[in-house]
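Here is a short set of exercises to work through with the model open beside you. Try each task before you read its solution.

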Amino acid sequence: MVLPIRFPSWLFAHLVITLALAAPAPAWANPDTAPSPIIAMDHASWTAANGAPAGVKGITQTPDGWLWIGASSGLFRFDGVRFQGAQGALAPLSANINEIGVLNDGRLWVTYKFGGASLLQDGAMRHFPAGQGGMPGGTSHRMGQDSAGRIWLGTSSGMRMLGADGSWRVPDASFGLPAGDAVAMLLDRRQTFWVRSRDGVYALRRGSTHFERTLAISGSGVLGEHPDGSIWASGMLTPGLQLVEGPAGSDPGAWATDDRINNFRFDRSGTLWLPGRSGISRIGPAGSSLRQLTGRANGLSGQYGFTVFADREDNLWVGTESGIDRFRAYRLTPLKLPPYIAGARPLAAHPHAGVWVDRSFLAGPDAAPAQIAPPSSDADLTTALYAAPDGVLWSGGIGGLWRIENGRRSAVPLPPDVPDPMRTAIFSLVGGADGALWVSLGRRGLFTLQGGRWLANGGAPGLAGLAPTAMARDAGGRIWFGSTDDRVAILERGVVRHLGRAEGLRMGTVLSILPVAGGAWIGGENGLAWYDGHRFTHLTGRGGDQFTGITGLVFARDGTLWLNGGAGISAIGPEQVARAAREPGYQPQFTRLDYRDGLPGTASGITPLPSAVRSSDGVLWFSTTGGTVAFDPLALPRNTRVPPVVITALRADGQDNPVRAGVRLPPHTGTLEIGFSALSYRAPERMRFFYRLDGIDTDWQASEQRRTAHYTNLPPGHYRFSVIASNDDGLWNREGASLSFEVTPSLTQTLAFRLACALLIVAGLWLLHRMRLRHVARRVTARMSERLAERERIARELHDTLLQSVQGLILKMGASLQRLRDDERAPIEAALNQADEVLAEGRDRVAGLRGANPAHGDLAQAITAFGAPIAHEGAVRFEVQVHGMPLALERSVGDEVFAVVREALRNAFSHAQAAAVTVTLDYRAAELVVSVADDGRGIAPDVLARGARPGHWGIPGMRERAAGIGTLELRSLTGGGTTWCLRVPLTGSSLYGWVRSRVRTWRAWR
C-alpha cells in the first residue's frame, strides 16, 4: 500500500517559486528583438576559482560601502578583491539564504528559505528564528521599511510587521493588505511604499496608514523604479513589464514582450537589465536598437542569471549559479569610421575646427565622418597627414603623396631619384616656416617640396644620411628630426645640431617629438625623455612604469601631458610634469586609460606618427591599432566617490584577532599581518594604498596591489596602524582608517621586572662597594694597628729607658744640689729646671705615641690646649675658629690631623716670629678643611724648593702624615706669612657620623 505524502502549503509554494527562480524565462526571447551582440561594457567575472560563492540569490550594498552577497552557501561580503564569509557576530541564522537587501535606514536584512530573518545593526546580527517572537514558519521573502520607519516582512504566510517589543505581528486589518503571500517591496523616491503580493500591487502613500491597490497582477515577481520615477512590476504569469505608476506621458508598452520576467533592474541611464536562462541582457525601451546579451560563452560566470544589482558607483552586478559578474560603462567609445586595412589611422587637426582621420573629416567626436578621399586599398594606403596653415591637407602613404584642397584630391609625384616609389612609405610630414613641406621616407631619405621642386635633405648637408621616423616644428620655426639609434637633429637657419647618446638619450627609435618652450618632450621605443636644451632626462612613472612605445605626445589645455603608448593612453598632470622636468629621477604620478576603459588596442609600433593630436575645441584624438577615440579631458567620466577605507584583519602568529580598538596581542608576537581594503568597485586593481605603523614606520609605505601589511618581532608597547587609499581615478581618502592595539609584554619584558633587575644590579654594586670599603677599612685598620703597636713599643722603650734614666739623673742632681752652697746652686737649679722641661716634653712625646692626646675627641679643644700656653709665653695672639657642625673623627685620622696641626703651630711659634696665629676648622658636607695661618716672616724660597731645612724633618713628617688622610697645601711668601691647608675627605663612617650629628643637632634644636 502506498501512503499519500502530504506537503504543507507553504512548502509547496516554496518549491514552485524555487523551480521558477532556478529556471528563469529567457529575457526578450522574441526572434525579432532577441539580443545578439555582447554587452559593450567592461566585464569582470568571479567564480569559485577566485573564492566567489556559488548559487548567488541576492546582492546589495550597505551605506559603509561593503558589497554583500547572499548565496546558497551562506552570507558573504566583497571588497572587490576578496570574498569574506560572514562569521562571528556577522554570521547569518542559516546558510540557506533566500534574499538580502538594505532597509531605508541602512540596515542589512537577510531572509531564509525555510523561515526566519535577520537584521544587521550595531555591527552584529539580530536574528528572528521561525516559530519565535511571532515569526511564522515557511519561506521568508523580502523585508522593507515604509516612510514612517515601520519594518515589514513578506512571508509565505502573509505580511508581518515588527513591533516595538521586537516581535512580529500580523498587521491590523485597517492597513488594507491582502492575507496572501507578499513577494516584493519597494520604497520609491517619493516615499511611497509598494508591496507586490500574488494578486496585485499595493501602495502606502507617505503619511497614510492604508494600502491602496494600484495594479492587478498574478504570480510571483518583483518591483522596480525607473530613473524617470515610474514604477514597474514583473510577473511569471504576466508577460513583459507592467507599468504600475508613472509620470505623465509614461508609455505602458515601453517594455512590452511576450515573455515572462521574474527579476529585473534599471540602471542610472534607464536601461533595463534582465537576468535569465541565457545569461544577462541589456535592453533599451521600445523603439531603441539596444539589445545586448552576455552569456557563458562570452565570459559570464554561469549559465543562468539569477539576480542583478546596481551599486552606488553605477556598476551592475549579476549573480549566477557559479559566481558573480560586474559590468561598468566604458569611458571611451571608438569612433564609427569607414574600414581601415592597416594598423592605425593617421591624424591631423584642422586649423580651425575638427580633425582629419585617415580619409575622413570629423567636425567633432559625435559628428558623422565625411569622406575626403576614396577608400584605402593595398596599393593606396594613407600613413601620414599634415594640415598646413593655409588649409591644405597633405596626405602621404604607401607609394604616393596627395594634396587635398577644397574637397579636391590631387596626386603629387615623389622625388624622381627615389627607387621603386610604389613600395615606399611616407613616415612623417611637417611644414617649414618658409612654407616648404618636409617629407620623411624613412631609410629612402629626407626631402623638401617647395614650388613643385624636390630638394634632398632640404639643402642642409648636416641632414645627409639621416632617416627620420618623426618630425616636428617648434614655435621658433626650428625643425626637429627623430631617428633610429638614439638620434635627434635640430635644424635652425640652415645649421644642423645633432644630439644623441652623448647628451644622455637612451630611446632607441624616436617616434614622437613635442617641442615646448625651453626644450622638448621625446617619446620612443624605450620610453619618455625631457630635453632641457642641454641634456636628456629619462622619466619613469610611479611604480617603475617605463612608458614604452610612445608614438603620440600632446598637451591638453590644462597643461596635462598625454602619451599614446604601448600600455595605453597615459596622462601626467601639469604639476607632475613640471616637477619631473625640474627633478631628475623623480617618478611622476599618472593615470592611464586602457582596455578597461574601452580603448581599442594600443598605439601602433611605427605609423602613424604622430598618433595623438588636439583639435581647436580642446578635444584629444588618439589613434590605436583597434580604432580611434576622442574625448575632452575635462568632460571625461570620473569616479568622484571617495572610497571608504576599512581594516579587515588582525592576525598574530597565524591567529585571527577581533578588529577593534584596544586589542591586546600576546607576548613575543613573531609575525603580524594587518589586512585592509577600500570599498571602491569600478577598478579595484587601480587603487593605491599607503599605510604606516606609528613607532615602526618612519614614513608612509606604498602598496599598489597588496592589501596586507606585514611586521615581525614587534617589541611590547602600544601601536596605531593607519591606512589611506585612493580610488581608480586618484581621488584620495586622506582620513582613511586606523586601529590601535597593544603587544603585551611577558614577565621579563615588563617595566617592573626591568626596574627590579636594575635595583638588584644597583644593590649588588652597592654591596660590592661596601665589601670593598670594608676590605680597605680592615687593611687600613690593620696598618694603623701595626703603627699604634709600634708607637706603643717605642713609647715603652722611651719611658723605660730614656725617661727613667733622665728622671734618675734629675733626682741625683737634686740630691747633690743640697750639698752645695747657696751661691753655687743657681746655675745647677737652672739646669735642673731645663731638665724638667725636657722630661715633660719627653712624657708628652710618649703620650702622643700611645695615642693619649685628645685629638680624637674635641679637636678644637685639643689644639687650643696645645697652642695657648706656648702663645702666652711668647706673647703671640692665638685663636682657634670652628665653622660648621663639629664632627668626631676616627681616632687614627684625628691623631694625624692633630699631629700635623701641632707641627705647624711649633713652626709658627718657634721660627716664624709671628704676632698672630689662627687655626680654622671648617666642617663641610664632604670634607674637613684645617688651616694654620700666621703673619710671620714666611719660609725661605730655598727651603720651599727643597721641601725642608737640612737636618730637619718637621715638614717632611707633616707631608707624610697628610698623605695618609688627605691633601696638604703650603702657601708662604717671604715676609708675607705662612698658611698650611689640610683637606681631609669625610667618607664612610665619617660621613654617616656627620649626618647623624646634624640630625641629632636638629632634634635638639626642635
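A residue is called buried when its relative accessible area is under 20%, exposed when it is over 50%, and partly exposed in between (1.4 Å probe, protein chains only). This is a predicted model, in which local features need pLDDT of at least 70 and side-chain atom pairs count only at pLDDT 80 or more, while totals for chains, interfaces and linings use all residues. Residues are numbered from 1 along each chain as its sequence is written, and side-chain values use heavy atoms, with hydrogens and water left out.

**Exercise 1. An enclosed strand**

Task: work out which residues of strand E45 are buried on each of its faces.

Solution.
Step 1. Strands (E, at least two residues) and helices (H or I, at least four) are DSSP runs, numbered from the N terminus. Strand E45 covers residues 519-524.
Step 2. Recall that side chains in a regular strand alternate between the two faces of the sheet.
Step 3. On one side of E45 sit Gly519, Trp521 and Gly523, and on the other Ala520, Ile522 and Gly524; all are buried.
Step 4. Six of the six residues of E45 are buried, so the strand is largely enclosed by the rest of the structure.

**Exercise 2. The partners of E45**

Task: find which strand six bridges join to E45, and in which direction the two run.

Solution.
Step 1. Two strands pair if DSSP finds at least two bridges between them.
Step 2. Strand E44 (residues 510-516) is joined to E45 by six bridges, and the two run antiparallel. Val516 has Gly519 of E45 as its bridge partner.
Step 3. Now look at the connection: E44 and E45 form a hairpin with two residues between them, and Gly518 in the turn has a positive phi of about 90°.
Step 4. Turn to strand E46 (residues 527-531), which runs antiparallel to E45 and is joined to it by five bridges. Here Ile522 is matched with Ala529 in E46 as its bridge partner, and a hairpin of two residues links E45 to E46.

**Exercise 3. A four-stranded sheet**

Task: say in what order the four strands of the open sheet that includes E40 are arranged.

Solution.
Step 1. The order is E40-E41-E42-E43, with antiparallel pairing.
Step 2. Strand E40 (470-473) and strand E43 (495-499) are the edges, each pairing on one side only.
Step 3. Neighbouring strands of this sheet are turned by 20° against each other on average, direction ignored; the axes are lines fitted to C-alpha atoms, for helices over the stretch in contact, and angles run from 0 to 180 degrees between N-to-C directions.
Step 4. For a closer look, take strand E42 (residues 487-492), which five bridges join to antiparallel E43. Ile490 has Arg497 in E43 as its bridge partner.

**Exercise 4. The two sides of a helix**

Task: decide which residues of helix H8 are buried and which are exposed on its other side.

Solution.
Step 1. H8 (residues 954-965) has twelve residues and reaches 17 Å from first C-alpha to last, close to the 16 Å expected; the expected span is 1.5 Å times one less than the number of residues.
Step 2. Ile955, Met958, Ala962 and Ile965 are buried. Seen down the axis of H8, the buried residues fall within an arc of 90°, so they line one face of the helix; the arc is that of the directions from the helix axis to the C-beta atoms.
Step 3. Glu960, Ala963 and Gly964 are exposed on the other side of H8.
Step 4. The cover over the buried residues includes helix H6 (891-910), strand E67 (967-973) and strand E68 (977-985), where contact means heavy atoms within 4.5 Å. H6 is itself mostly covered, with 17 of its 20 residues buried.

**Exercise 5. Salt bridges across the sequence**

Task: explain why the salt bridge of Arg961 and Glu896 ties together parts that are apart in sequence.

Solution.
Step 1. A salt bridge is a side-chain nitrogen of Lys or Arg within 4 Å of a carboxyl oxygen of Asp or Glu. The whole structure holds 41 of these.
Step 2. The side chains of Arg961 and Glu896 meet at 3.3 Å, N to O. Arg961 lies in helix H8 and Glu896 in helix H6, so the pair ties together parts 65 residues apart in sequence.
Step 3. Compare burial: Arg961 is partly exposed at 30% relative accessibility, whereas Glu896 is buried at 3%.
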